[in-house]
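Trainee: Hi, have you got a few minutes to walk me through this one?
Mentor: Sure, pull it up and we'll look together.

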Amino acid sequence: MTKLQDVFNIYKDYVMPTYTKQPLVFVKGKGSYLWDIQGNKYLDFFPGWGVCNLGHCHPKVMSAVKDQVIKLIFVPNNYYNLPQAKLAQELNHWTKYPFKAFFCNSGAEANEAAIKFSRKFGKGKYEIITFDDSFHGRTLAALAATGQAKYQQGFAPMPEGFKRVKFNDLLAVKSALTSKTAAIMLELIQGEGGINIASRGFILNLRQLCDDENILLIIDEVQTGIGRTGKMFAWQNYGIVPDIFTMAKALGGGLPIGAMMVKKDISDCLTPGTHASTFGGGPLVAKAAVAVLRSIQKEKILSNVQKMSEYLHGKLQELKNKYPVIKEVRGLGMMWGVELKQEGKIIVEQCIKQGLLINCTHDTVLRLMPALNIGKTEINKAIKILDNVLKDTGPAPSKRLNDLKADGFRAINKKEGAG
Ligand SMILES: Cc1ncc(COP(=O)(O)O)c(C=O)c1O
């Protein structure tokens, strides 16, 4: 068997180092658990970076893939394929409003499609208003839409036409409007931005503004979609229907798929030849996605999210009451942020050592996005580990961020350098 160090060496020699990596090599996953190459078991509270909403290797997804892989892996989009047709139909069952789908392979690609759609639809209007702390992907237009300068550094010039304003601020949006505005694009919960939740009033007002000004409302559901917030799509929590929404991550249950959904009555402005994606909605990934959506229904996943969300929230609040280092707990469904008064990286590292996988976003926000079929047993386990870690490693509240960087973090960063 390949040893841990051999894997690191191969990566060092042959894989581009574009990711900060944890020194872990996973070889098996089931439900909310992962096993590493040395046989250690981990409770995964950030499965697949938001991809594995049904946990790892969900049986229905596995059998859908097995069934399809021996029949037909791929046909291009100049032919019809059955799983893609079923997937588009299934998605419409969930939207409860007529939408047409464009299938692609990732979140960035789905957002690129939405940006292109807005320009075509706008007939000369091309500006898109986006928000501070947003994240829409790494391709150039999605990056230009992203409201975090750190991701854009070194890649100038950005494509034109994006105006960024403060999140949840209607006046800021209104003052950014021009006769060239084609669309407003946002996440309802900013995931990479630190779990910031759009207020209901703001979204209702945005919808009205878009209707009044004939502007498209684009919701990026790449992280919030497929049941994450307790509804199939996060916009269903707000009582609005967007003109366009985009998805990826959890849609394929681990296989790469993205989708742009456009309201049916405006969807035909992208005509044959105006946009394409070779692999988009191929039979194998589409079959997996249908299995994901049907499992969510059959296994009553959304009601589990609603129940367990309350339970997890309660437990996180208890931690907040116990540890002054926790500034705020916020989230919805199974998407939670625990904002610290210090950097969270060291907490993540210590959790890993105790067998719990979580994430830290925006430097100070611990992000918990467990599988949607999670139960109380796993939540209790995770909370116990977090409790231990906060007790053992939480520095005195007076310890400043810079002090932390100067000592503890340096050692960890060095160790992590393999990535
Ligand atoms: C809200 C949001 N949009 C877009 C993306 C980009 O998705 P992908 O990495 O599949 O291109 C992400 C990825 O984290 C995301 O969270």
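**Around the ligand, then the backbone**

Mentor: Let's start at the ligand: helix α4, residues 107-122, gives the largest share of the shell around it, three residues. Keep in mind that this is a predicted model.

Trainee: Good to know. How many residues surround the ligand, and which are the closest?

Mentor: There are 14 around the ligand, and the closest are Ser106, Gly107, Ala108, Gly137 and Val222.

Trainee: And what does the shell look like by class?

Mentor: Seven residues of the shell are polar, four are nonpolar and three are charged.

Trainee: Switching to the backbone: which residues does the cis peptide bond join?

Mentor: Ala156 and Pro157, with omega at about -5°.

Trainee: Where is Pro157?

Mentor: Pro157 sits in the loop that runs between α6 (149-152) and β6 (162-165).

Trainee: OK, now Asn214. What is its phi?

Mentor: Phi of Asn214 is near 55°, which is a positive value in a residue other than glycine. You'll find Asn214 in the loop between α8 (200-213) and β10 (216-220).

Trainee: Is Asn214 buried or exposed, and why?

Mentor: Asn214 counts as exposed because it has 11 C-beta neighbours inside 10 Å.

Trainee: What about Lys249, what's the phi there?

Mentor: Lys249 has a positive phi too, near 25°, and is again a residue other than glycine. Its place is the loop between β11 (244-247) and β12 (258-263).

Trainee: Buried or exposed, that Lys249?

Mentor: Lys249 has 25 C-beta neighbours inside 10 Å, so it counts as buried.

Technical notes. Residues are numbered from 1 along each chain as its sequence is written. This is a predicted model: local features need pLDDT of at least 70, side-chain atom pairs count only at pLDDT 80 or more; totals for chains, interfaces and linings use all residues. Helices (H or I, at least four residues) and strands (E, at least two) are DSSP runs, numbered from the N terminus. A residue is buried if 20 or more other C-beta atoms lie within 10 Å of its own, exposed if 12 or fewer, and partly exposed in between; C-beta atoms are placed from the backbone. A residue is near a molecule or strand if its C-beta atom, placed from the backbone, lies within 6 Å of it. Ala, Val, Leu, Ile, Met, Phe, Trp, Tyr, Cys and Pro count as nonpolar, Asp, Glu, Lys and Arg as charged, and the others, Gly among them, as polar.
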